[in-house]
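Q: Please take a close look at one part of this model, a charged side chain and its partner, and then set that part in the context of the whole assembly. A connected account would be preferred to a list.

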Protein chains: 2
Amino acid sequence: MTRKIEIVEVGPRDGLQNDPVLLSTEMKLEFISRLIDAGVNRMEAASFVHPKLVPAMADSAEVMALAPRLDGVKYIGLALNERGLRRALEAGCDEINYVMVASPGFGLKNQNATPEQTADLFDKIAILAHDEAVPISVTVSVAFGDPFDGEVDPKILGMLAARARAAGACEFALGDTIGVADPWRVRKALDIVRAQSGDMRLRMHFHNTRNTAMANIAAAVDAGIDVIDASCGGIGGCPFAPAATGNVASEDVIYMLERGGFETGIDLGRMIATAKWLEDVALKHPVDSALKRAGGFPAPQA
Amino acid sequence: MTRKIEIVEVGPRDGLQNDPVLLSTEMKLEFISRLIDAGVNRMEAASFVHPKLVPAMADSAEVMALAPRLDGVKYIGLALNERGLRRALEAGCDEINYVMVASPGFGLKNQNATPEQTADLFDKIAILAHDEAVPISVTVSVAFGDPFDGEVDPKILGMLAARARAAGACEFALGDTIGVADPWRVRKALDIVRAQSGDMRLRMHFHNTRNTAMANIAAAVDAGIDVIDASCGGIGGCPFAPAATGNVASEDVIYMLERGGFETGIDLGRMIATAKWLEDVALKHPVDSALKRAGGFPAPQA
């Protein structure tokens with residue numbers, strides 16, 4: 001039987017939030033519809049961080065109100081504090097994603113908290129999500145290296161996994177915010193995290209800043225990971241992380257995994273067409289996607 | 001003990017041969033010297049294909065005559081037929097590289113030969129190299145897919161490995177000319193090739209056309225491969241292979257492997273500086289290198 005790998009599409013939130021082009025709500029909804037047509041059934045679509053900090057996500061409640069509600073399509077909303085969580089619940093997000101940090105340098109700059117403080121806050125807000133029976137997941141930022149502090153001890157990832165699990169996270173992800181992971185480090189980190197994660201699902205979030213994202217994904221999949229974040233067209237990044245270029249492109253990940261014999265449930269041709277639409281119509285600037293440039297092999301049906 | 005992975009630098013030959021900019025012999029020699037300063041000790045530096053087909057390599061004999069001869073630095077010259085081999089030997093190449101093709105569609109277009117015919121010709125010219133005590137290696141082109149024929153049956157790679165070994169090749173490489181390999185296919189191919197290769201060394205040559213080169217390299221290294229082709233700045237490609245973008249960038253490979261705990265003997269900072277020199281001074285056009293854009297982590301000493 002073909003092994004299924006779930007691709008969590010992060011383009012509409014992590015992808016768009018720092019793009020120099022501010023998309024209209026209408027264009028965001030078209031993006032979301034195109035992704036659903038391609039087969040995406042779980043995506044980051046909204047952020048309930050203060051709109052002054054992330055103006056591109058100021059219309060998140062409206063996006064959630066207008067996005068098509070289809071059986072099996074789940075929308076994830078980002079929330080970093082209690083106020084954000086309440087807004088995400090009110091907007092009708094199917095799932096909340098919260099961010100813990102692996103290192104204080106980035107943590108204090110990005111969300112004014114140390115790793116422990118992000119775990120403490122999660123204890124509080126996870127209860128509020130559970131009260132509404134909405135699943136809440138955790139993504140750890142700078143899990144493989146911090147632009148200010150340097151190396152991150154993977155033991156902290158184990159500690160954060162234990163905290164996330166104890167507080168009832170539905171899923172725990174390691175995020176390589178600045179793109180410094182390598183396949184061997186990914187495996188070691190997963191060994192440490194697995195010892196603490198019990199039956200909590202694990203997900204990986206890689207940036208391709210140093211051209212290692214695809215190798216890291218292959219290593220993670222080989223280590224048993226079944227859920228991978230990716231962004232149509234490779235859009236996105238983090239404005240607070242120096243030299244962090246985009247997320248790994250969904251179409252590149254889908255190509256590699258499907259060619260490697262895995263099933264993603266996503267149509268490669270349609271995902272490539274959506275990356276082209278982002279480049280030509282929505283954002284009107286180049287996107288970083290190898291499959292958009294080269295096409296699939298054998299050529300996918302569009 | 002740290003495991004050593006040998007990087008064969010292909011920039012001065014495979015990288016430059018199709019670049020729109022024709023470098024002067026003097027600039028090629030500067031490129032070679034910079035690579036040696038970075039720690040490269042085995043590189044493709046010359047091609048003895050007809051100069052009408054590859055005008056950028058017309059000065060290969062001169063490059064070989066003027067390149068610094070240092071203990072432990074080996075220059076590889078490409079030869080596809082008897083005439084080319086004789087010229088390569090005359091020019092003083094330390095090693096000859098010959099190309100077999102894995103599929104007739106590309107083979108007939110690129111060197112007017114089927115896979116079997118490229119193996120038959122190798123039988124003849126390997127003898128001539130052996131007569132001069134010069135090692136001769138084989139690289140198989142389109143080993144993971146042919147732009148004209150589509151899929152390549154990996155059994156043919158086993159057949160070609162057996163032929164190369166029987167004829168005394170010092171090394172056998174699988175080349176993903178159009179960038180369609182994936183890590184799982186790489187492993188399967190290596191299993192098949194290993195059954196035929198005895199103690200003949202194996203090498204891998206990946207293009208990053210579909211963003212899979214680094215994942216393929218990691219898979220190959222995990223499968224025991226100790227020799228990897230890469231090109232400073234990711235320059236190069238093949239004019240006869242549609243949509244084939246560049247080789248994988250040496251600095252990206254070095255970063256991933258060194259960060260993963262392997263030793264390459266090459267200074268990352270100097271390789272990045274050489275990629276920058278290619279972009280700013282020698283070629284004056286952008287090169288495709290993640291490490292040149294992002295820098296190492298922690299920042300390498302330049």
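What is the relative accessibility of A:D120, and does A:D120 count as buried or partly exposed?

A: In this predicted model, A:D120 has a relative accessibility of 38% and therefore counts as partly exposed. Its side chain meets that of A:R163 in a salt bridge, with an N to O distance of 2.8 Å. A:D120 belongs to helix α6 (residues 115-131) of chain A and A:R163 to helix α7 (residues 154-166) of chain A, so the salt bridge ties together parts that are 43 residues apart in sequence. The partner, A:R163, stands at 22% relative accessibility and so is also classed as partly exposed, the lower limit of that class being 20%.

This pair is one of many: over all chains, the structure holds 42 salt bridges. Side chains of opposite charge can pair when their charged atoms come close. In chain B, the side chains of B:R13 and B:D14 meet at 3.8 Å, N to O, and both residues are buried. In chain A, salt bridges that share partners form one network, whose members are A:E6, A:R42, A:E95, A:E171, A:R201, A:R203 and A:D229.

Charged pairs also occur between the chains, where 4 salt bridges are counted between chain B and chain A. In one of them, the side chains of B:E151 and A:R259 meet at 2.9 Å, N to O. That pair runs from the loop between β5 (136-141) and α7 (154-166) of chain B, where B:E151 lies, to helix α10 (residues 250-259) of chain A, which holds A:R259. The two ends differ in exposure: B:E151, at 41% relative accessibility, counts as partly exposed, whereas A:R259, at 9%, counts as buried.

The interface that contains this pair can be described as a whole. The size of an interface is often given as the accessible area lost when the parts come together. Here the area buried between chain B and chain A is about 3,100 Å², and carbon and sulfur atoms give 57% of it. On each side 38 residues take part, 38 of chain B being in contact with 38 of chain A. Polar contacts across the interface join 20 residue pairs, both members at pLDDT 80 or more. On the chain B side, the elements that give two or more residues are α8 (183-197), α9 (213-222), α10 (250-259) and α12 (290-294). By class, that side has 19 nonpolar, 10 polar and 9 charged residues.

The symmetry of the assembly accounts for the arrangement of the two copies. A turn of 180 degrees, with a shift of 0.0 Å along the axis, lays chain B on chain A with an RMSD of 0.0 Å. The two copies are thus related as by a two-fold rotation axis. The same surface serves both copies, since 100% of the contact residues of chain B recur in chain A. Among the residues of chain B, B:A215 comes closest to the axis, its C-alpha lying at 1.8 Å.

Helix α10 of chain B is one of the elements at the interface, and this helix is mostly covered, with 9 of its 10 residues buried. The buried residues of α10(B) are B:S250, B:E251, B:D252, B:V253, B:I254, B:Y255, B:M256, B:L257 and B:R259. Just after α10(B), B:G261 adopts a positive phi of about 100 degrees.

A positive phi is also found in a residue other than glycine: A:N211 has a value near 65 degrees. A:N211 is placed in the loop between β7 (201-206) and α9 (213-222) of chain A, and at 8% relative accessibility it counts as buried. In chain B, phi of B:N211 is likewise near 65 degrees. B:N211 lies in the loop between β7 (201-206) and α9 of chain B, and its relative accessibility of 8% makes it buried.

One further loop residue of chain A deserves mention. A:S103 sits in the loop between β4 (95-101) and α5 (104-111) of chain A and, at 5% relative accessibility, counts as buried. Its side chain is joined to that of A:D146 by a polar contact of 3.1 Å. Apart from neighbours within four places in sequence, A:S103 is in contact with A:P115, A:V142, A:D146, A:D149 and A:V152.

Terms used. Residues numbered from 1 in each chain as written. Chains lettered and ligands numbered in written order. Predicted model: local features only at pLDDT ≥ 70, side-chain atom pairs only at ≥ 80, totals over all residues. Heavy atoms only, no water. Contact = heavy atoms within 4.5 Å. Buried area = accessible area lost by both parts, 1.4 Å probe. Polar contact = N/O pair within 3.5 Å; in protein donor to acceptor, adjacent residues only side chain to side chain. Helix = DSSP H or I, 4+ residues; strand = E, 2+ residues; numbered from the N terminus. Nonpolar A, V, L, I, M, F, W, Y, C, P; charged D, E, K, R; others polar. Least-squares fit on C-alpha atoms with pLDDT ≥ 70 in both. Buried < 20%, exposed > 50% of the residue type's maximum accessible area, 1.4 Å probe, protein only.
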